[in-house]
Amino acid sequence: MADIFPDQARKFATLEAAARAVGERYGYEEIRTPLVEPTELFARSIGETTDIVQKEMFSFSGPGDKSLSLRPEGTAGVVRAYLEHAVYAQQPLVRYLYLGPMFRRERPQAGRRRQFHQFGIEALGSRRPAIDVETIDLLTCYLEEVGMDGWELGINSVGCNRCRPGFREELRLYLEKRREELCENCRSRLETNPLRVLDCKNPGCRKVIEKAPKPIDHLCDDCASHFEEVRALLTELAVPFTLQPLLVRGLDYYTSVVYEIYGPSLGAQDAVAGGGRYDTLVEELGGPSLGAAGFSIGLERLLLSLKGREIPAPSPPSISLYLVAVMEEAFRPNAVLLSRLRRRGFKAVMDYLNRSLKAQMREANKRRVDYVLIRGKDEMEKGVIKLKDMKTGEESLLPEGEVVEKIFME
Ligand code: HAM
């Protein structure tokens, strides 16, 4: 565990301020959960057979001999808090942001610490592919904001509870036949967690994996169309990515889309950031069945990737907007515009819950936004968008490209 002296501490503070500023533009609000949680929570969410739970947690006995652990990651605690306080009953979609130390008993080396710091976000309440894309868009916007270049985004889909069991069995049977060629670690994973074998960097295992069945070829219709929509939206947003059929992640709660960001100065094993969708975790921990997605980025690894470069100071957003799609056809163009506005520095959100025009306007009012942008049938046909100034009530129809200019002129 490292001591962080003022020189470094200043850099951490700038990265954290940038995280809050970008988070705010995307509508994410900070949550702070305890550094300690019941060990069982991590075992149930991250997975009993994962390296994190089996080997890497700092655990100790708390009051009543209950086993407690220092948090190895943030998602489990955020979901626990969300359930314990029944937040889902008050808000159908919540967006959280968190910053803070995490603990894993790993062998320390460059970019690998036993206490490290993450910036993470979690969006709870929607299964729409646009939410996966929103998290990825936020992450890449953040990387640009802090001046990181040369990053690569790898994405994959690991399927859901419907398609994964069949795939898992097929993979296990394939690997079983070539058991002798696998490393010792993978031989034991074969029984417990065969998907993790796909991620092994051992040259012998890589050879076996080359011809192994891949999750992407075994997706059910829902997972396949979800993944297709995510890739289409990323392409529209001009966020570059590569499909990585072997990307499986080291935590078990993921369903469907997963992704990682790699930086130029880190080894091939070490991602700067990772995340994805986890549509069953909330229910598995005793809550309702609802979609969720998020990521986290390691600040130590991010600093390594920035190679000591000056980090630009972030500017917090000053103008807020709400985008209303009156019909499904308006949803995708709105999602694209939303990303542009956030990247220009506005605080902007839209609806992901298929709510009516009235309900969306009510939400915009509740959020006390400065402007609402509405795209309905008329606007779609005329190729314009309606801009409503919420202070004066004044409405104007204008081409999308002129929205930003008009707001700045007022
Ligand atoms: P993760 O991939 O385990 O995902 O960790 C995310 C990031 O934390 C890594 O990409 C890396 O930058 C950093 N990290 C992990 N371990 C260490 C370490 N020992 N030393 C330094 N940095 C490290 C998660 O933690 C998930 N909770 C992400 C997520 C959020 N998925 C959905 N929501």
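In this predicted model, the backbone of R113 offers a polar atom that lies 2.8 Å from a nitrogen atom of the ligand. Taken alone, the ligand exposes 660 Å², and the protein buries 96% of that area. The points below describe the surroundings of the ligand and then turn to the residue G275.

**Polar contacts of the ligand**
- The side chain of E106 has an N or O atom that is 2.6 Å from a nitrogen atom of the ligand.
- An oxygen atom of the ligand, in turn, is 2.9 Å from a polar atom in the side chain of R249.

**The shell around the ligand**
- The ligand is surrounded by 26 residues, of which E73, E106, E122, Y254 and V272 are the closest.
- By character, the residues of this shell divide into 10 nonpolar, 8 polar and 8 charged.
- At least two residues of the shell come from each of the strands β6 (115-124), β10 and β11 (292-298), and β11 gives the most, with 4 residues.

**G275 and its neighbours**
- G275 is part of strand β10, which covers residues 273-277, and this glycine counts as buried because its relative accessibility is 0%, where the cut-off for buried is under 20%.
- Leaving aside residues up to four places away in sequence, G275 touches R249, Y254, V258, Y259, G294 and F295.
- Although G275 and D132 are 143 residues apart in sequence, their C-alpha atoms are 9.4 Å apart in space.

Conventions: Residues are numbered from 1 along each chain as its sequence is written. This is a predicted model: local features need pLDDT of at least 70, side-chain atom pairs count only at pLDDT 80 or more; totals for chains, interfaces and linings use all residues. Side-chain values use heavy atoms; hydrogens and water are left out. Buried means under 20% relative accessible area, exposed over 50%, partly exposed in between (1.4 Å probe, protein chains only). Contact means heavy atoms within 4.5 Å. A residue is near a molecule or strand if one of its heavy atoms lies within 4 Å of it. A polar contact is a pair of N or O atoms within 3.5 Å; within protein, one must be able to donate a hydrogen and the other to accept it, and residues adjacent in sequence count only if both atoms are side-chain atoms. Accessible areas come from the Shrake-Rupley method with a 1.4 Å probe; for residues, only the protein chains shown count as cover. Ala, Val, Leu, Ile, Met, Phe, Trp, Tyr, Cys and Pro count as nonpolar, Asp, Glu, Lys and Arg as charged, and the others, Gly among them, as polar.
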